[in-house]
Amino acid sequence: MLSEPPASALLADDTLRADTALRHFRRGRPVLWQGDFHGARQLLTALGRRTNSVPLLKMLLIPLDADYTVPLRRAPDVRAACTEAFGPPTSPKALPLRELLGVIGAHEWRVKGIEVPVLGAKIHPHYGVFAPIRQEYLELAGRAPFPTTNPTAFDIGTGTGVLAALLARRGATKIVATDVNPRACACARENLARLGHDVEVQQRDLFPPGRADLVVCNPPWVPGRARSDLELAIFDTDMLDRFLADLGDHLTPAGEGWLILSDLAEHLGLRTREDLERTIARAGLRVTQRLDTRPRHKRARADETTSLWRLQMARSRPAQ
Ligand SMILES: C[S@@+](CC[C@H](N)C(=O)[O-])C[C@H]1O[C@@H](n2cnc3c(N)ncnc32)[C@H](O)[C@@H]1O
């Protein structure tokens, strides 16, 4: 987190050893780096071999001048990256090196973009927005049959706007995309405009008003509390349940919902398949088809399956 340089910090340079730094961190004293930037990176690597405690690793701080210049030898120019992540600079600050590296990485993704073969285009993620690095879920959305030709569509929790773009490319019309994260809305608007798709992006919780023939949602996959905007894309307390509970109120009579979900939470013992099927049935929905795929991403579990659940309203809702 960007903060004022803490008065209690130890000013240190390349002579500081990892074990000594760790002793200071454990006593609650951060280090404000004054040495060579690459020396700080090496120290962070050495610390990472000694602990995997994120709060401790975040105690190695890099100073930032009032214009986001890093006043250290061999420091990269991070002004554009920091402005994208934190807004215009105001006064001298300090930032954990670990976070600064994330900010730099996000800037590189944003500039370079991520190739999305199923879209035949690149998507440019912003800092703090779920990036479509895994692509198997996009392939599912690329091959699932539409309920009707040129359906109207909602994309709930749009992130970079990648699914909305894919729906538009496949011929969906009058697409409305939503997200609670303002960074995601800005990012989606930018991507969709760049790709020439006329999609309305609304910053709101879940559904826009009205109904659509196709309502798509790729909710965060891990049940748990998001502790920051960045984690809104990963952890979910109730988005999945609320999406399912209210989906029927936003579908046209022959409309269809697509729920895109990995079974990671099931493998982690955080949800059972029965829980999910019960929630679907309780919402008065029925599964018309499930398309499965195995993630190929190198950090995915070998036994993980990603699914696209095609959902329609059941003829009668079960008694509550
Ligand atoms: C796993 S990401 C998916 C992003 C994008 N649809 C994709 O498939 O790449 C989940 C998204 O849902 C958004 N989100 C979380 N809770 C939400 C809510 N209650 N209403 C709308 N969007 C929400 C997050 O900000 C995040 O962008």
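This report covers the ligand site and one strand pair of a predicted model.

## Basis

Residues count from 1 along each chain as its sequence is written. The model is predicted, so local features need pLDDT of at least 70 and side-chain atom pairs pLDDT 80 or more, while totals for chains, interfaces and linings use all residues; side-chain values use heavy atoms, without hydrogens or water.

## Ligand shell

The ligand has 19 residues around it, where near means a heavy atom within 4 Å. Tyr-137, Gly-157, Asp-179, Asp-205 and Asn-218 come nearest. By class, the shell holds ten nonpolar, five polar and four charged residues. Here Ala, Val, Leu, Ile, Met, Phe, Trp, Tyr, Cys and Pro are nonpolar, Asp, Glu, Lys and Arg charged, and the others, Gly among them, polar. Helix 7 (162-169) and helix 9 (239-247) each supply at least two shell residues. Helices are DSSP runs (H or I, at least four residues) and strands likewise (E, at least two), numbered from the N terminus.

## Polar contacts and cover

Polar contacts are pairs of N or O atoms within 3.5 Å. A ligand nitrogen lies 2.7 Å from a polar backbone atom of Gly-157. A ligand nitrogen is also 3.5 Å from a polar backbone atom of Val-180. On the side-chain side, an N or O atom of Asn-218 sits 2.8 Å from a ligand oxygen. The protein covers 96% of the 600 Å² of accessible area that the ligand has on its own (Shrake-Rupley, 1.4 Å probe).

## Strands 3 and 4

Strand 3 (residues 60-64) pairs with strand 4 in the antiparallel sense over four bridges; pairing takes at least two DSSP bridges. Leu-64 stands opposite Lys-93 in strand 4.

Side chains alternate between the two sheet faces in a regular strand. In strand 4 (residues 93-96), Lys-93 and Leu-95 point one way, Ala-94 and Pro-96 the other. All four are buried (under 20% relative accessible area, 1.4 Å probe, protein chains only).

Conventions: Polar contact = N/O pair within 3.5 Å; in protein donor to acceptor, adjacent residues only side chain to side chain. Buried < 20%, exposed > 50% of the residue type's maximum accessible area, 1.4 Å probe, protein only.
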